[in-house]
Amino acid sequence: MSTASHQIGWKTAAAIVVSNMIGTGIFTTLGFQLSDITNTYSIFLLWVIGGILALFGAFCYAELGSHFKGNGGDFIYLKETYHPLFGYLISWISLIIGFSSPVALAALAMSKYLSVFDYSFGNGFAIAAIFLVAITLSFSLKTSSRFHNFFTFIKIAFIIVLVTLGMGLSESTQIGNSLNFSNSWQNEMMLPAFATSLVFVTYSYTGWNSASYIAGEIKDVQKNLPKSLIIGTVFVTVSYILVNYIMLKHAPVSQLAGKEDVMGEAAVNMLGLSFGKIVNIFIALQLIATISGYLWVGSRLTQAFAKDTRIWKPLSVGNKKESR
């Protein structure tokens, strides 16, 4: 376990939870939902259910992380409660699917959103972004915390400004909106599309357990791990509901249904084309925190299982400057 001289507080741990959860899902999922689910109550209910499920998971992982206390998350939990083989297998699954894939997707999405500059940012840009973030996180825990907190602050500030503007601005009477508070939600709940939409929602909530992977680096882990997981998950749930509301408020169903960049569509209606481009730039910028969060957490999982496996032992070496 890390010494007190190089541990993080609950705010940084919560920042990891928030950054890992908020990626591009909240800015794209609504368009696919509106193809079949159009009632506003139904949309809100989907995101509330997703938040409750994530919160249940956060409660469980808060207990597990507080008990085992070390880095590694699922690896430690399965290794200690069942068998080391299960821990080893989940480590590879998490490393390839749970962490590497989201990092790659976030970097590719970042290059796509930056295309508003009328320049094609390709795979080379995405690779360079991942490499630069990884280099920044390799100096020390203190440097990693500052870097991650800074870009998570940008993410949170972006969400707050977006919601504030969306709530304050009146919807266009010419364009219309997608708000529908009728009783049709009772019928939509029984549709197969409702269950399918919930799958998309749960993907958007992925990351609620991220702070548990670095439990060994959290000060007073029995107090601060539950605090970070719960506060982070609740904040994201509220943010998701509000962001969906402003998108529904500022664009009609015909404009959003089936579209991927639904936030961009709503932003253009709010304050024009230039504002839409600015929103896309900030969506790209906030993805740096997402990449940072997954790299930070994923590396700790790798380090944890490498310590117990001779062939991967070299991957368990820590940074000598981590306490600075």
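**Salt bridges, ring pairs and a surface patch**

Glu 265 is partly exposed, its relative accessible area being 25%, and its side chain meets that of Lys 259 in a salt bridge with N and O 3.9 Å apart. The model is a predicted one, and the count of salt bridges in it comes to 4, while the count of aromatic pairs comes to 21.

**Salt bridges**

- Lys 259, the partner of Glu 265, counts as partly exposed at 34% relative accessibility.
- Another salt bridge joins Lys 79 to Glu 80, where the closest N and O atoms are 3.9 Å apart; Lys 79 is partly exposed with a relative accessible area of 24%, and Glu 80 is partly exposed with a relative accessible area of 46%.
- Glu 260 counts as partly exposed at 41% relative accessibility, and its side chain forms a salt bridge with that of Lys 112, at 3.0 Å from N to O.
- Because Glu 260 lies in the loop between α11 (253-256) and α12 (262-271) whereas Lys 112 belongs to helix α5 (residues 84-113), this salt bridge ties together parts that are 148 residues apart in sequence.

**Aromatic pairs**

- Among the 21 aromatic pairs is that of Trp 47 and Tyr 240, which is edge-to-face because the ring planes stand at 75°, over the 60 degrees required, with the ring centres 5.1 Å apart.
- Trp 47 lies in helix α3 and Tyr 240 in helix α10 (residues 221-249), so this pair ties together parts that are 193 residues apart in sequence.
- Both rings belong to buried residues, since Trp 47 has a relative accessibility of 0% and Tyr 240 a relative accessible area of 1%.
- Trp 92 and Phe 305 form a tilted pair, with 5.6 Å from centre to centre and 55° between the planes.
- With Trp 92 in helix α5 and Phe 305 in helix α13 (residues 273-307), the tilted pair therefore ties together parts that are 213 residues apart in sequence.
- Within that pair, Trp 92 counts as partly exposed at 26% relative accessibility, whereas Phe 305 counts as buried at 1%.
- Ring pairs also link Tyr 61, Phe 68, Tyr 77 and Trp 208 into a cluster.

**Nonpolar surface patch**

- Val 48, Ile 52, Leu 53, Phe 56 and Phe 59 make a nonpolar surface patch of about 450 Å².
- Ile 52, one of the residues in this patch, is placed in helix α3 (residues 40-68) and is partly exposed, with a relative accessible area of 41%; Ile 52 therefore meets the requirement of over 30% relative accessible area for a patch residue.

Technical notes
Residues are numbered from 1 along each chain as its sequence is written. This is a predicted model: local features need pLDDT of at least 70, side-chain atom pairs count only at pLDDT 80 or more; totals for chains, interfaces and linings use all residues. Side-chain values use heavy atoms; hydrogens and water are left out. Patches are made of residues with over 30% relative accessible area and no salt bridge: like charges are joined within 9 Å, nonpolar side chains (Val, Leu, Ile, Met, Phe, Trp, Tyr) within 5 Å. Accessible areas come from the Shrake-Rupley method with a 1.4 Å probe; for residues, only the protein chains shown count as cover. Helices (H or I, at least four residues) and strands (E, at least two) are DSSP runs, numbered from the N terminus. Buried means under 20% relative accessible area, exposed over 50%, partly exposed in between (1.4 Å probe, protein chains only). Rings of Phe, Tyr and Trp (its six-membered ring) pair if their centres lie within 6.5 Å; planes under 30 degrees apart count as stacked, over 60 as edge-to-face and the rest as tilted.
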